[in-house]
Amino acid sequence: MLFIFEWINSEPVMLDYSDRVMISDEEKEEYLGFVIEVSRAAGRATLPFFRAEVEASNKLSGQMYDPVTQADLVCEKILREAIDSRYPQHGIYGEEFGFKEGNGLTWVIDPIDGTRAFMAGLLHWGVLVALFDGQKPILGLMYQPYTEELWFGDTTSASFTSSNDQRLLKTSNKKGLESAILGTTSHRFFENKTGDFNLLEDAVRISTYGGDCYLYAMLAMGQIDIVIDSGLKPYDIQPLIPIVEGAGGIVTSSEGGNGSLGGTIVASANGELHREVLRAFNGSA
């Protein structure tokens with residue numbers, strides 16, 4: 001049994017999990033080396049479009065707006081071609097070009113997470129790639145090609161590299177909401193959703209808006225203690241889960257379940273803090 005999908009508005013939407021595909025430590029190391037190499041190449045291909053005149057089309061209709069640029073398309077094509085060439089038996093699920101069925105191991109791609117920031121010339125965007133085993137993402141990578149910052153993890157450890165830094169990642173040891181820093185891409189995404197973002201925001205010391213994938217990278221680095229977002233798709237969150245978990249954090253749905261399918265996602269620096277976050281957000285604090 002493989003990914004379970006339904007096509008909604010011409011987009012493949014992941015509905016459920018499938019049987020887990022087991023891989024060896026040697027295979028995991030090989031896949032990690034591969035995804036680092038190809039993500040660097042794909043990320044570099046986005047740079048001619050960054051802080052340049054770049055056209056964007058809207059993937060949605062009416063007053064809804066979800067932009068896609070030529071940089072998104074070029075980046076995902078490079079990643080998909082590399083995966084097809086090296087691992088033709090694997091599946092691929094990308095934001096821009098959809099789902100290709102495989103043997104149960106599926107590469108999940110968001111070529112530019114934070115397209116709005118990309119279009120605005122801001123730095124809070126990155127290339128995201130995960131390897132999903134049918135139950136959860138077992139490898140995850142975020143690459144910011146302009147700053148040459150790379151985060152990657154395998155749920156048991158996580159690392160960061162840049163031109164002048166290289167280190168293992170560790171989340172913060174904050175335990176109480178009253179001392180925590182909270183990040184969210186936009187509080188408006190919680191309108192008409194279950195849970196109460198305002199209750200959670202009122203309980204923390206500092207809250208910050210904007211950041212997309214960068215928020216989760218900062219959580220893994222110990223700079224932020226909590227990230228909560230709503231309306232995420234699998235490709236928005238799966239690449240970040242192995243990084244946050246590898247650094248010691250926790251990522252779940254807002255109900256505390258597996259967050260791999262997206263929706264409203266809560267990421268926290270540790271288990272004790274995570275329990276407080278869920279209680280506050282769900283109104284049971």
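How many of the seven residues of β15 are buried? Six of them are, and the strand is thus described as mostly covered. The legends below concern a predicted model and take this strand as their starting point.

**Figure 1. Overview of the predicted model.** The protein comprises eight helices and 17 strands. Of its 285 residues, 53% count as buried. Residues 24 or more positions apart in sequence supply 60% of the contacts with a separation of 6 or more. About 12,700 Å² of surface is exposed, and carbon and sulfur atoms contribute 48% of that area.

**Figure 2. The five-stranded open sheet that contains β15.** The strands follow the order β14-β13-β15-β17-β16, and their pairing is mixed. Strands β14 (206–209) and β16 (250–253) stand at the edges; each has a single partner strand, so one side of each is left without a neighbour in the sheet. Direction ignored, neighbouring strands are turned by 20 degrees against each other on average.

**Figure 3. Pairing of β15 with β13 and with β17.** Strands of a sheet pair through backbone hydrogen bonds, in either a parallel or an antiparallel sense. The β13 and β15 pair is parallel and spans two bridges; here Leu 182 stands opposite Ile 226 of β15. By contrast, β15 (residues 226–232) and β17 (residues 263–268) pair in the antiparallel sense over five bridges. Two bridge partners in β17 are shown: Gly 263 for Leu 232, and Ile 265 for Asp 229.

**Figure 4. Helices α5 and α8 against the sheet.** Helix α5 (residues 213–220) packs on the sheet and touches β13 (181–184), β14, β15 and β17. The direction of α5 makes about 150 degrees with that of β15. Helix α8 (residues 271–281) lies across β15, β16 and β17. Relative to β17, helix α8 runs at about 140 degrees.

**Figure 5. The surroundings of Ser 268 in strand β17.** Ser 268 has a relative accessible area of 0% and is therefore buried, the cut-off being under 20%. Its side chain makes a polar contact with the side chain of His 274, at 2.8 Å. Leaving aside neighbours within four places in sequence, Ser 268 is in contact with Leu 219, Asp 225, Ile 226, Gly 249, Ile 250, Leu 273, His 274 and Val 277.

**Figure 6. Two loop residues with positive phi, Thr 155 and Asp 212.** Most residues other than glycine have a negative phi. Thr 155, which is not a glycine, has a positive phi near 80 degrees; its place is in the loop between β10 (149–153) and β11 (158–162). Asp 212 has a positive phi of about 50 degrees, although it too is not a glycine. The loop that holds Asp 212 runs between β14 and α5. With a relative accessibility of 24%, Asp 212 counts as partly exposed, because this class lies between the cut-offs of 20% and 50%.

**Figure 7. Confidence of the prediction, with residues 1–12 in view.** The protein averages a pLDDT of 91, and 90% of the residues score at least 70. Over residues 1–12, pLDDT stays under 50. For this segment the model has 36 contacts beyond four places in sequence.

Definitions and conventions. Residues numbered from 1 in each chain as written. Heavy atoms only, no water. Helix = DSSP H or I, 4+ residues; strand = E, 2+ residues; numbered from the N terminus. Buried < 20%, exposed > 50% of the residue type's maximum accessible area, 1.4 Å probe, protein only. Contact = heavy atoms within 4.5 Å. Areas by Shrake-Rupley, 256 points an atom, 1.4 Å probe, with all protein chains shown as cover. Pairing = 2+ DSSP bridges. Axes fitted to C-alpha atoms, helices over the stretch in contact; angles between N-to-C directions. Polar contact = N/O pair within 3.5 Å; in protein donor to acceptor, adjacent residues only side chain to side chain. pLDDT = per-residue confidence, 0-100.
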